Structures are given as C-alpha cells and as structure tokens.
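Colleague: I should be grateful for a close look at a single part of this model, the packing of one pair of helices, together with its surroundings.

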Amino acid sequence: MTMEALSRRYPVWFCDIWGVVHNGRQPFLSTTHALAKHRSRGGTVILVTNSPRTRAGVARQLAQLGVDPQSHDSITTSGDVTRDLVVTHGGGKIFHLGPERDLSIFEGLNVERVSMRKAHACLCTGLFDDRTETPKDYADLLAGMKSRDLEMICANPDKIVRHGDRILYCAGALAEAYANIDGRVQMAGKPYRPIYDLALAEARRIRGGEVKREDILAIGDGPETDIRGAAAYGLDALLVAEGVTDASEGLEAAEARVRSLVPEARIAATMHQLRWD
C-alpha cells in the first residue's frame with residue numbers, strides 16, 4: 001500500500017520517533033516529507049515516543065537534529081506518562097537511575113531526588129552512560145535495590161535503540177534485568193495503554209471531535225513496543241524495517257519475523273522508510 005493510500009485510509013497517524021523519524025544523528029528526510037505531506041492533506045500526526053523526556057524536551061531535541069516542525073502536530077512521550085507514576089508511586093523521594101540529560105522529567109514535580117538508600121522508589125530513564133555500559137554493569141546496583149524492595153518506575157520500555165550504526169541499551173533492558181531478579185517494576189510508554197490513551201486524547205483535541213481507532217495508523221520499528229502496543233490497543237500498524245527490525249533479508253522476511261514474535265500484529269504495510277512517491 002502506498003503512503004498516499006495509507007493517508008486516505010487513516011487520517012490520524014501515531015508515529016514513533018527514534019528509528020523512524022531520525023537515527024539519533026540526523027532526520028530521515030523522506031519520512032519527514034511523508035509526514036508533512038499527510039498533514040497537508042488534512043491528516044494529523046502525533047509523534048508517540050518512549051523517550052523518558054517530556055514533550056518539551058523531545059521538541060528541543062528534534063529541533064537540534066533539524067527535524068522539520070511541519071512533520072507533526074504534537075508529541076506524546078513516555079516521560080509525560082512517567083511523571084504521573086512518579087507522583088503516585090514515588091512517595092516523594094526518588095532515586096534517579098539514568099543520565100543527567102533526562103533531568104527535565106523532574107521539572108515542576110514536588111519530589112526530591114535522593115540516594116538509593118533514602119529513596120522510596122527508583123525512576124529509571126536509562127543507563128548512566130549508554131555509550132560504554134551494558135545492563136551487566138548494573139548487577140550490583142540492581143541487587144542493592146532489590147534488597148531494599150525498591151519499586152522501579154521505567155520511563156522507557158525500549159530495550160535497545162539504533163544510534164547511527166551502533167546499538168545502545170535503553171531503560172527497558174534494565175527493567176527486564178530487575179524483573180528477572182523479582183524486582184517490582186512499573187512501566188510507562190509503549191506497548192502499555194496509558195501512552196496510547198494520552199495520544200488519542202491529543203488527536204481528539206487537535207481534530208476537534210471523535211477519533212475512532214479504526215482511523216489511526218501506528219507507525220514504528222519495534223516489534224515488542226510499537227507493533228505489540230498497537231495490536232493491544234486495536235490499531236493497524238506500519239512496520240518500518242530500518243531501526244531495530246532487521247530487513248537485511250528483505251521486507252517480507254522482516255515482516256514474517258515480526259509476526260512470529262507478535263502473532264496478534266495488525267500490520268497493514270512494511271517499508272524501509274516512509275516515502276511519498
């Protein structure tokens with residue numbers, strides 16, 4: 001199915017960012033053009049990302065990377081969902097596990113960032129240094145958290161992301177490691193329902209009326225996040241086989257692997273990148 005046909009069929013697009021709109025270094029111009037083209041025809045584009053940053057923080061990052069602001073109407077982030085979890089589950093004192101670049105998630109929240117020993121919960125936004133570390137480096141820290149029965153609030157369920165030609169670990173990988181030692185974990189972002197509820201509310205606000213799920217196309221590259229989350233929410237999906245989904249053996253093989261991982265997948269099309277021909 002062509003992008004033009006998808007635009008006619010689905011007026012609202014929920015589009016992933018990392019691996020779809022950009023690769024961490026530069027935007028994919030054919031994708032941003034396709035998104036802008038959809039909007040020019042009356043469509044709505046909500047960027048739905050597992051970034052642990054707030055909407056404003058992600059907007060700043062997109063601007064720094066040179067992403068065309070005409071490519072989207074709004075942004076919904078895992079960071080926005082996480083803030084609610086921090087308030088309701090954090091007990092006012094939070095140990096932050098993650099890089100300083102994610103500190104914007106605390107802005108305006110009435111919580112105190114403290115050491116692990118003083119914390120009521122842990123907010124995980126990623127590895128301290130995702131360029132050099134792996135989850136194995138966190139075995140002792142996670143064991144210490146488990147000994148105190150600290151609940152982890154995971155701001156980004158993604159386990160890996162492609163940065164240029166490298167694969168980096170994300171907060172979801174640490175959450176998985178913590179769960180494997182029976183640590184308690186609260187997850188924000190895709191594939192979980194709250195981020196889709198937030199995106200749907202935003203689409204309804206922008207369009208000024210009801211938006212049915214059958215009118216929404218979810219676009220993403222992550223089988224366990226984008227494709228599984230879309231299926232669970234009752235959305236058709238466009239699989240982008242360029243980010244964390246390997247398409248080295250062709251698009252059909254890539255889609256078949258994703259369908260084997262996510263049998264309930266509702267994949268309407270599979271592409272290397274969005275391209276409006």
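Modeller: The account below begins with that pair and then moves outward.

This is a predicted model, in which local features need pLDDT of at least 70 and side-chain atom pairs count only at pLDDT 80 or more, while totals for chains, interfaces and linings use all residues. Residues are numbered from 1 along each chain as its sequence is written, and side-chain values use heavy atoms, with hydrogens and water left out.

The pair consists of helix H7 (residues 193-207) and helix H8 (residues 223-233), whose axes come within 10 Å and cross at roughly 70°. Helices (H or I, at least four residues) and strands (E, at least two) are DSSP runs numbered from the N terminus; axes are lines fitted to C-alpha atoms, for helices over the stretch in contact, with angles from 0 to 180 degrees between N-to-C directions. The crossing makes H7 roughly perpendicular to H8, a term for 65 to 115 degrees, with under 35 roughly parallel, over 145 roughly antiparallel and the rest oblique.

On the H7 side, the contact (heavy atoms within 4.5 Å) is made by Arg193, Tyr196, Asp197 and Leu200. H8 contributes Thr225, Asp226, Gly229, Ala230 and Tyr233. By class, these residues divide into 4 nonpolar, 2 polar and 3 charged; Ala, Val, Leu, Ile, Met, Phe, Trp, Tyr, Cys and Pro count as nonpolar, Asp, Glu, Lys and Arg as charged, and the others, Gly among them, as polar.

Two of the contact residues, Tyr196 and Tyr233, also form an aromatic pair. The search of the whole structure finds 2 such pairs. The ring centres of Tyr196 and Tyr233 are 5.2 Å apart and their planes are at 25°, so this pair is stacked. Pairing requires centres within 6.5 Å; planes under 30 degrees apart are stacked, over 60 edge-to-face and the rest tilted. The pair joins distant parts of the chain, with Tyr196 in H7 and Tyr233 in H8, 37 residues apart. Tyr196 is buried at a relative accessible area of 2%, and Tyr233 is buried at 3%. Buried means under 20% relative accessible area and exposed over 50%, with partly exposed in between (1.4 Å probe, protein chains only).

Both helices also belong to a wider arrangement. The largest nonpolar core, a set of buried Ala, Val, Leu, Ile, Met, Phe, Trp, Tyr and Cys residues joined through side-chain atoms within 4.5 Å, has 34 residues. Phe14, Leu123, Ile216, Ile227 and Leu235 have the most contacts inside this core. The elements that give two or more residues to this core are H7, H8, helix H4 (78-89), and strands E1 (12-15), E2 (44-49), E6 (121-124), E11 (216-220) and E12 (236-240). H7 gives the most, with 5 residues. A second, separate core of 25 residues includes Met3, Leu6, Leu62 and Leu65.

Phe14 shows how H7 meets its surroundings. Neighbours within four places in sequence aside, Phe14 is in contact with Tyr196, Ala199, Leu200 and Ala203, and also with Ile46, Val48, Ile216, Leu217, Ala218, Ile219 and Leu235. Tyr196 and Leu200 thus recur, as both take part in the contact of H7 with H8.

Thr76 offers another view. Located in strand E3 (residues 74-77), Thr76 is buried, with a relative accessible area of 0%. With the same sequence neighbours excluded, Thr76 is in contact with Ile195, Leu198, Ala199 and Glu202, together with Ile46, Leu47, Val48 and Thr49. Ala199 is likewise among the contacts of Phe14.

The approaches to the two helices complete the picture. Pro191 lies in the loop between strand E10 (185-187) and H7, and the peptide bond from Lys190 to Pro191 is cis, with omega near 15°. Asp182 is placed in the loop between helix H6 (171-180) and E10. Although not a glycine, Asp182 has a positive phi of about 70°, and at 61% relative accessibility it counts as exposed. At Pro223, the C-alpha is 9.9 Å from that of Ser260, although the two residues are 37 apart in sequence. Ser260 is found in helix H9 (residues 251-261) and is exposed, with a relative accessible area of 56%.

Note on methods: Rings of Phe, Tyr and Trp (its six-membered ring) pair if their centres lie within 6.5 Å; planes under 30 degrees apart count as stacked, over 60 as edge-to-face and the rest as tilted.
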